[in-house]
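Reader: I have a model open and want to talk through its sheet. Can you take me through the strands?

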Amino acid sequence: MKILCICHGGRVRSVALRYILTDHLGFTDTLAAGLTKNSPETISILCEWADTIFLLVDDKPDFLEAHQDKIRYLDIGPDIWGSPNDIGLIQKLKQLLFNSQWYAEYVIPKLHAEIQKGHQELEAHNKEMRS
C-alpha cells in the first residue's frame, strides 16, 4: 500500500506519521509532504501515486478534491511540537491512527494475517521436529 502523509510544511506532523507507519507498522511505500513546501502540481502527482492520503491539516486545498476518496483526516491540530521526534506528537498520532477506521480496515487484517502465517510456520517447524 502506498501512503502519502500531508501537513502544512511537510517537516513535523507528516514526518512523524510516516515514521509510525514505516517503523512501527511496517509500511514501506510511505512519503511525507507539505502543502507550503511542495507545489500543488507535486502534491497532485503524489496523490495520484498514493492509495491512501493522510491529511493532517484543517483546511483542505481545492486541488485535493479530486482525491477525496483516498483522503483520511487525522485531526492533530496545528504544529506545536516543532520536531517529528517529539514523544507527545508520536503518542497523539498513534492514538488517532489506532482509533481510526483506516486502522481497523487495513492494519488489523494485515497483523492478523502475519500472526496466522507465524502460527502456520511454527506448526510446520514443530511437525518437522517431531518427524
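Reader: Which residue in E3 does Ile6 stand opposite?
Author: Leu55. Strands here are DSSP runs of E, at least two residues, numbered from the N terminus. This is a predicted model, where local features need pLDDT of at least 70, side-chain atom pairs count only at pLDDT 80 or more, and totals for chains, interfaces and linings use all residues. Residues are numbered from 1 along each chain as its sequence is written, and side-chain values use heavy atoms, with hydrogens and water left out.

Reader: How many bridges between E1 and E3?
Author: Four, in the parallel sense, with E1 spanning residues 2–7. Two strands pair if DSSP finds at least two bridges between them.

Reader: And E1 with E2?
Author: Parallel again, over six bridges. Leu4 stands opposite Leu31 in E2 there.

Reader: Other side of E3?
Author: E4, residues 71–73, pairs with E3 over three parallel bridges. Phe54 has Arg72 in E4 as its bridge partner.

Reader: What is the strand order of the sheet?
Author: E2-E1-E3-E4, an open sheet of four strands with parallel pairing. E2 (29–34) and E4 are the edge strands, each pairing on one side only. From one strand to the next, the twist averages 25 degrees. Axes are lines fitted to C-alpha atoms, and angles run from 0 to 180 degrees between N-to-C directions.

Reader: Side chains now. Which way do those of E3 point?
Author: Thr52 and Phe54 go one way, Ile53 and Leu55 the other. In a regular strand, side chains alternate between the two faces of the sheet.

Reader: Are those four buried or exposed?
Author: All are buried, meaning under 20% relative accessible area with a 1.4 Å probe, protein chains only.

Definitions and conventions. Buried means under 20% relative accessible area, exposed over 50%, partly exposed in between (1.4 Å probe, protein chains only).
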